[in-house]
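Reader: Before I rely on any of the labels used for this complex, I would like to see how each one is justified. Could we go through them one at a time?

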2 protein chains.
Amino acid sequence: MISAVALNDQPTPRSGRDGGTSHRLGYLFKHVHLRYEQLTSAALEPIGISPREWAALNCLDEQHSLSQREVADLLGIDRTRMVALVDELEAKGWVKRRPQPDDRRKNIVTLTNTGRGLLQRGSRIVDECEQEFLAALSAVEAEQLKNALDAVVATE
Amino acid sequence: MISAVALNDQPTPRSGRDGGTSHRLGYLFKHVHLRYEQLTSAALEPIGISPREWAALNCLDEQHSLSQREVADLLGIDRTRMVALVDELEAKGWVKRRPQPDDRRKNIVTLTNTGRGLLQRGSRIVDECEQEFLAALSAVEAEQLKNALDAVVATE
DNA sequence: TATTGTTATACTCTATAACTATA
DNA sequence: TATAGTTATAGAGTATAACAATA
């Protein structure tokens with residue numbers, strides 16, 4: 001009757017409470033994302049920046065030639081949402097927009113000194129979050145996890 | 001000037017285009033979740049069920065004694081959102097609600113024959129999605145990935 | 001008093017289409 | 001014509017608080 005379990009050849013290593021649901025990729029990806037979001041959100045909260053805002057600053061600082069659309073793709077959000085996000089970053093005094101000379105349709109978004117300082121403080125916090133989040137894994141396992149996710153995400 | 005890169009001791013194994021952003025945990029978790037959602041959504045679309053609806057049926061079928069709240073936790077959604085989800089599943093004729101005798105605050109949500117048939121067809125599709133999604137990895141690497149995610153998620 | 005399911009509300013995010021200005 | 005940024009809008013999801021029934 002519980003045929004979905006029979007299809008799964010794993011011996012259900014941990015917690016048989018839900019009969020296999022918690023070992024499905026969908027469950028694992030959803031919950032790992034949810035938990036990491038909660039962790040970083042709480043850790044960054046004292047310096048007044050959200051995980052998404054930090055990620056946006058991080059992208060923008062690294063590559064000045066990225067268009068808003070390319071940054072949106074890196075953040076995994078829509079370009080229309082990106083407009084509001086940059087509006088917000090600009091209103092907080094963390095970035096400035098100006099048209100790109102060689103293609104005036106595009107914007108160059110650069111960090112202000114305030115934005116750069118906040119990014120650096122945030123980066124230290126995010127580094128700690130990454131370590132804390134992967135604390136259950138050995139250094140080798142953590143590296144393998146990142147490489148495996150990278151390989152899967154890089155597949156188009 | 002690009003000091004955030006200097007903080008990262010990895011030699012940026014793939015695609016230096018974004019200077020490290022795409023190897024952050026936040027990026028990897030977000031995009032892996034996003035892509036898997038798109039894959040399963042498209043694959044399940046022909047039989048008229050969403051990934052979340054399938055996941056809900058899967059939870060409910062495996063453990064009849066789970067309360068709506070416990071299923072909501074497994075799905076990673078709020079209990080208030082779960083009400084609307086079960087409403088929808090019930091309206092489609094896939095599940096039925098009835099009060100649990102020993103604790104009449106709780107509902108027992110059982111699958112109808114229609115719901116069970118749909119779950120089984122969906123499960124075969126999801127199995128294929130999991131294989132396809134991890135195709136870039138060897139069987140051992142895929143198993144290690146699942147175990148690593150499981151270990152990280154299981155940490156409270 | 002605490003919990004389950006429920007409803008209501010406001011807020012955020014997503015999806016889509018259209019508009020403008022540039023190319 | 002095609003693309004980048006922008007705006008508008010509808011729909012979905014999230015967060016929060018409250019309430020009734022039950023424990």
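Author: This is a predicted model, and in it 18 residues surround DNA strand C, the closest being R81(A), R105(A), Q68(B), R79(B) and R97(B). Sugar and phosphate make up 57% of the atoms of DNA strand C that come within 4 Å of the protein.

Reader: What makes the approach of R79(B) to a base nitrogen of DNA strand C a polar contact?

Author: A polar side-chain atom of R79(B) lies 2.8 Å from a base nitrogen of DNA strand C, and the cut-off for a pair of N or O atoms is 3.5 Å, so the pair counts as a polar contact. The backbone can be set against the cut-off in the same way: a polar backbone atom of R69(B) is 3.0 Å from a phosphate oxygen of DNA strand C, and for a polar backbone atom of R104(A) the distance to a phosphate oxygen is 3.2 Å. Two or more residues of the surface near DNA strand C come from each of α5 (79-91) and β2 (103-111) of chain A, and likewise from each of α4, α5 (79-91) and β2 (103-111) of chain B.

Reader: How do you know which residue classes form the surface near DNA strand C?

Author: The residues of that surface divide into 12 charged, five polar and one nonpolar. Arg belongs to the charged class, so R81(A), R105(A), R79(B) and R97(B), which are among the closest residues, are charged, whereas Gln falls in the polar class, which places Q68(B) there.

Reader: Why is the meeting of D127(A) and R24(B) called a salt bridge?

Author: Their side chains meet with 2.8 Å from N to O, and because the limit between an Arg side-chain nitrogen and an Asp carboxyl oxygen is 4 Å, the pair satisfies the term. Between chain B and chain A the count is four salt bridges, and there are also 14 residue pairs in polar contact, with both residues at pLDDT 80 or more. On the side of chain B that touches chain A, at least two residues come from each of α1 (3-7), α2 (25-44), α3 (51-62), α4 (68-75), α6 (113-133) and α7 (139-154) of chain B; the largest share, 12 residues, is supplied by α2(B). By class, that side has 29 nonpolar, 18 polar and 16 charged residues.

Reader: What area do chain B and chain A bury between them, and how many residues does each chain bring to the contact?

Author: The two chains bury about 6100 Å² between them, with 60% of it on carbon and sulfur atoms, and the contact takes 63 residues from chain B and 63 residues from chain A.

Terms used: Residues are numbered from 1 along each chain as its sequence is written. Chains are lettered from A and ligands numbered from 1 in the order in which they are written. This is a predicted model: local features need pLDDT of at least 70, side-chain atom pairs count only at pLDDT 80 or more; totals for chains, interfaces and linings use all residues. Side-chain values use heavy atoms; hydrogens and water are left out. Contact means heavy atoms within 4.5 Å. Buried area is the accessible area (1.4 Å probe) that two parts lose on being put together, summed over both. A polar contact is a pair of N or O atoms within 3.5 Å; within protein, one must be able to donate a hydrogen and the other to accept it, and residues adjacent in sequence count only if both atoms are side-chain atoms. Helices (H or I, at least four residues) and strands (E, at least two) are DSSP runs, numbered from the N terminus. A residue is near a molecule or strand if one of its heavy atoms lies within 4 Å of it.
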